[in-house]
Amino acid sequence: MSLFSLENKTAIITGATHGLGMAMAEALGKAGAKLVITNIFSEDLEKAIVHYNSIGLEASGYVFDVTDEDVAAEKVAEIIENEGQIDILVNNAGIINRVPAEDMKVADFRRVIDVDLTGPFIMSQLVGRHMIANKSGKIINICSMMSELGRNTVSAYASAKGGLKMLTKNLATEWAKHNIQVNGIGPGYFATSQTEPIRVEGHPFNDFIISRTPAARWGNPEDLGGTVVFLASQASDFVNGQVVYVDGGILATIGKPANED
Ligand code: GCO
């Protein structure tokens, strides 16, 4: 299993104070990585660090907004000074705003693009320069079903996540020569706080997702662990510019009529 070992590696995971980010950070930590967690909310970050430490994982936290390039530059420099070489960057921090396109405020659209697309660019550039100097690195961008598909009310999110898929391919193209692999993970529909409003019992979306997913269930955050460890490890050294969809088969199928099992 040494191909998948992350011993002596350090990973930055943005926004990993709950949900999918936390589950992925735990998987990286259990594979041996030292964790560096960022978030804009210091209280959430403190709680998350206590949680990571309580399950035996080494983790440190840095409070900043990934969309603020000047602050992010200072913080990334501080992280490198304190933690040493950064081997893995997971661009996980993201937001969603569900509003019909005809009603969405331009400022709200811009904010989603800023957090979900420009933030990963800023972090990739800052950490990427350090990885270029080290001649090695793994960058993992957390994409979405919405990197491929549209859905009512998520125009900003789909635009950002579609863009993030292309940023993944572009950075892979530019930085392969520096031995940096840039890949994405596209989670399907997962049971997290982000999907809680559309997962409640009786909500039509809940039944829709279960019938739309060949695996016939919502994903559990732990379902992402194997993929993130693979993409962070030596096992994926010749995998570059791919988005791995972990979706219970959603993107493989056209779906089925309501009356079919
Ligand atoms: C939605 C969901 C999605 C998921 C996920 C799908 O409103 O459709 O929240 O956007 O969060 O990204 O892959």
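**Exercise 1.** In this predicted model, decide for strand β4 (residues 88-91) which residues face which side, and whether they are buried or exposed.

*Solution.*
Step 1. Start with the general pattern: side chains in a regular strand alternate between the two faces of the sheet.
Step 2. Apply the pattern to β4. Ile88 and Val90 lie on one side. Leu89 and Asn91 lie on the other.
Step 3. Check burial. The cut-off for buried is under 20% relative accessible area. All four residues are buried, so both faces of β4 are covered.

**Exercise 2.** Find which strands pair with β4, and in which sense.

*Solution.*
Step 1. Take β1 (residues 10-14). β1 pairs with β4 in the parallel sense, over three bridges. Ile12 stands opposite Leu89 of β4.
Step 2. Take β5 (residues 137-142). Four bridges join β5 to β4, and the two strands run parallel. Val90 stands opposite Ile140 of β5.
Step 3. Trace the chain from β4 to β5. The path goes through helix α4 (residues 106-134), and this β-α-β crossover is right-handed.

**Exercise 3.** Locate Lys135 and Ala216, and state what phi and accessibility each has.

*Solution.*
Step 1. Lys135 sits in the loop between α4 and β5. Its phi is positive, about 60°, although Lys135 is not a glycine.
Step 2. Lys135 has a relative accessible area of 52%. Exposed means over 50%, so Lys135 is exposed.
Step 3. Ala216 lies in the loop between α7 (204-212) and α8 (225-232). Phi of Ala216 is also positive, near 55°, and Ala216 is not a glycine.
Step 4. Ala216 has 45% relative accessibility, so Ala216 counts as partly exposed.

Technical notes. Residues numbered from 1 in each chain as written. Predicted model: local features only at pLDDT ≥ 70, side-chain atom pairs only at ≥ 80, totals over all residues. Heavy atoms only, no water. Buried < 20%, exposed > 50% of the residue type's maximum accessible area, 1.4 Å probe, protein only. Pairing = 2+ DSSP bridges. Right-handed = clockwise from strand over helix to strand, strands pointing away.
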